[in-house]
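Morning, everyone. Please bring the structure up on the screen before we start.

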Amino acid sequence: MEELNRKNPKAGELIVFHEGTDPLSLNTGEGQKTAAAILDAFHGLQARYVHFPYRRPSEITTAEVHYLITFPKLLHIRKEPYILDDRRIMAFLTEYAGFLNHGPAGTPENLSAKKLEALENDLKKYRYSPYYPFHYLFNIPRLERPKFAYKRAAVCFEITVDEDYFFPEGFTPEDDIRPAVSKEMNGFGRAMEWVKEEWDLVEDPKARVRNCDIAHSTETDLFAYKYQSDPPYFTKYYFLPKGNQVIVRLPLKFHFTSEGRHETYYSLPPVSDLTPEDRVLSRELKMEVHLSYTYFIPSNVRIWHLVLTPDETDGISELDIIKFMKYFSGSQENESEEKKRGVLESISFHYDTGEQNTDSKEVIPGRFELLVRMIARLLLFLWQLPVRLIRLPFKSIRKSQRSFFDAIRKFQYRESHVSLIPILKFPIISGVIFMPVYALYSGNYETAFLIGCLLAAVYLLLSVFQRGRQITKKAENLWAQVGHLLHIRETPFIIPKTESPSVTGTPSSNGLIRLFQNLTGIRYLFQERRKPEFDIAKEDRVLSLKNIRSGIIEIDTGAPNGQEDDNLLVFQQERFSEFLNKHAEGLKDKNEEKVRKEIREKIAESYKKLYDKEEGDSAGEALISTDETDRNPIEEYADYVFKAYCGICLGIFDYDRMGLEEIDDTLMPLEESKTEQSFQALNRGVLAMFGAEEDVMNTFWRTLGLSPYLIIPSAVLANNDYVSLDAEKRLDALLNKLKEDESDLSIPQLIASRHEIDDLLNTNILSNVFHYKTEQGIYRNGMESRGINERIKASREKLEQLDREINTKQDERNSRYQRRIQIIVAIVGIINFYSIIRDFYLDELSTGGEDKQSKMIDWGKLNDSWAGGIVRRIPAFLRDLFSSFWENIQPFLPKKSLEMAHFTLFLIVISVVFWQIITNAIDPARSSRMMAWRNRRKRGHRLPKVKAMKPAD
């Protein structure tokens, strides 16, 4: 390789390549450490590697390598040092392959073309962009080197569930929040309850507060006096009868992006005799899990607090805590939601429930209940049938028109799948609507009726074919229920009020949500009858990682009993030994235990300095030693703890590079929470508490897992965050549909939705319910820093906009009513006018025939009629002109009197329609639809056009 690197094509453009081995692929401990040391050395030289699955291009050498490494900083590459042209990489690999396979005299014709072709294809897949032949160089992977293990650290995941959307099944009676009843309901009462459920007449009773001995006293103590008699929420410990031991398997590699740098952290696996193909690249942590929940009565939102605590024998490192913080500490650069979910699902949780999962089981009601429900549905259907039939033509026309134009828009793109059904349905339904006009003109009512029925049947068949799966599913479900009712079959079915997770997908098999389900035995089923203003995606109809938006971290680094042996901050022996060897000269007069003690004392001193600092002073200067000239190793080691706190709050691994400004921006202690031994900080979705000798945490360590003085304020913030987000989503969906004139809601429905959103903002979002200044400070800072106040303010402004849209819609409806009345009056007038014309043709201008159908028209009688008198009053030259025009068109006119009456009526209707079209075209302001179209054009955005490019070769 050195010989190849000497071949310098141009001065200043030398590129040096080196190979590196992935330590995780080796089976011997010595080999893993050697490979890790080599990668660390390359990282110290600021080397980078080409991100693609590299294999040595050799038919002879069998050494296993995984990284193709280069040195952009050492070689002073002037143009884009972290971007490399893959054509130069491929040229090197081609020459390198010839050297490996046949020595320096080898020629490319003698090479193995298959390996080089595979490498070239992989290079193309991993390009920075498919349009350019460049690769963005990644940082060399780094070995995890934690310095501490925390025996008393708790990570709380807050799983937010809106039980208006998700119906819970599996609660124990002790967690039943329904109002207590003194007497058992009889059969008639139960039947009436089922009917109310089917007819959506169920009243919303106020939830019953279920207090528990563990959290109730603390919760009541936190309430302001106003809320102590009528609390808006309650917190309850959830007992786990099968124990709280859980095994967490963490992947050995974690990838992340920080300030444009692609980083990888890895830890070495236990050495075994397994081959790399059989090795499970994960390591196990033994932890304990604690569960509780806070139920909010106004909003029907339940915040589950799933707390993980380490085994106190080994503790948990700061890097492992950061991996858990990834669930709720926010996304990093260049990290999509899908990528973040993939990283989190690589962490698995294993809890032995002692029984099989019951997710696939469906609840089958009794036959009496099923009969009552089916009768209730039938009666409701018959009650709504007349209104649905009246609305059916208008609804069909509107939906068909939208589907037609949507299909036309899709047809503009060749790759889009276009269904012919929407394109056919619109002209067919238009033909059905036109049939009465045809029948009136032609007088052939039987033919028009048959054609209309035929078109309607075709439209119905197309609709059935378009929604075949839904109809088939509903039919199978109905047949299963009928079969169960009549003892014909025992096929499972689903009551339509909820949807099974098996229909909408299930959580990851060993993920955090699955752990929650295994712990509680509770299934949350999406309520199909709940139809919000915004469309809920299929993947959001089950509990997922999206339900975790916030969390808590609490770390205690003190010694609860005042004894050094009981200290909760444990030094990682390997890192500590490296530290002692590195600073052996400066620490020669101190033994190992004394060094540990001084480091702990320095950490405690930093807490005290933070407490004593004046408001407005830098928190970083209080926590971190700033004097670089007089900086001793013990201070540097103690400073690492607070840098690790920054990494925990942000969920980043490269916290060791952080400076004072970044530390000050991250660890922003809440002024009300500071004591001489601890402080609290809010950062994104994280509420953190760091301290020493925390008595409250020690009290609740075996039950809640961490301090309830953190759980309860964080739950209030989580509730307000979710409720405000729900209100914002519903408002945005309503406004967008109204702006685009696509809302199917009537004005009463819009007003009802507006009232629901108003309740969300005014009732379901809790005010500052706390009595003590510490919790009040958490509430104020959390509402501000998480953007909840800003979201509420924006939502109230959007409510005003919604009011204006509703008023506009009300005015449009009133205008439509006036137009409809005018149209009805015009139709009545046309009918009366038609009767006059018909009598005129039949009585005064007809001849022969005994019945109306056979009478022929005689234009000679026109001069003797009242119309002739009008014609005689016209000037002579106009009369001559009219006579010549009349003689020319007379052969084309109907010969029978009744047909002529129909033809005259048709001309009048066509003239009115033509006049309306002309006036709307000349003056678009007269057309509400035209104005809506113009408004949509004004509110739209035009995106820049991009020059078409082909992917680079």
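I'll take the strands, then the surface.

First, the ground rules. This is a predicted model, where local features need pLDDT of at least 70, side-chain atom pairs count only at pLDDT 80 or more, and totals for chains, interfaces and linings use all residues. Residues are numbered from 1 along each chain as its sequence is written, and side-chain values use heavy atoms, with hydrogens and water left out.

Start with strand 15, residues 282-296. Strands here are DSSP runs of E, at least two residues, numbered from the N terminus. Of its 15 residues, 13 are buried (under 20% relative accessible area, 1.4 Å probe, protein chains only). So strand 15 is largely enclosed by the rest of the structure.

What does strand 15 pair with? Pairing needs at least two DSSP bridges between two strands. Strand 11 (residues 233-237) pairs with strand 15 in the antiparallel sense, over 5 bridges. There, Thr235 has Thr294 as its bridge partner. Strand 12 (residues 245-251) is also antiparallel to strand 15, over 7 bridges. Here Val248 meets Leu285. Strand 16 (residues 301-310) pairs antiparallel with strand 15 over 10 bridges. Glu288 is bridged to Thr309 in strand 16. Strands 15 and 16 form a hairpin with 4 residues between them. In that turn, Asn300 has a positive phi of about 60°.

Next, an open sheet of 3 strands. The order is 17-8-22, with antiparallel pairing. Strands 17 (316-317) and 22 (569-571) are the edges, each pairing on one side only. Strand 8 covers residues 148-150 and shares 2 bridges with strand 17. Tyr150 stands opposite Ile316.

Last, Ile375. Ile375 lies in helix 10, residues 367-410. Its relative accessible area is 45%, so Ile375 is partly exposed (between 20% and 50%). Thank you.
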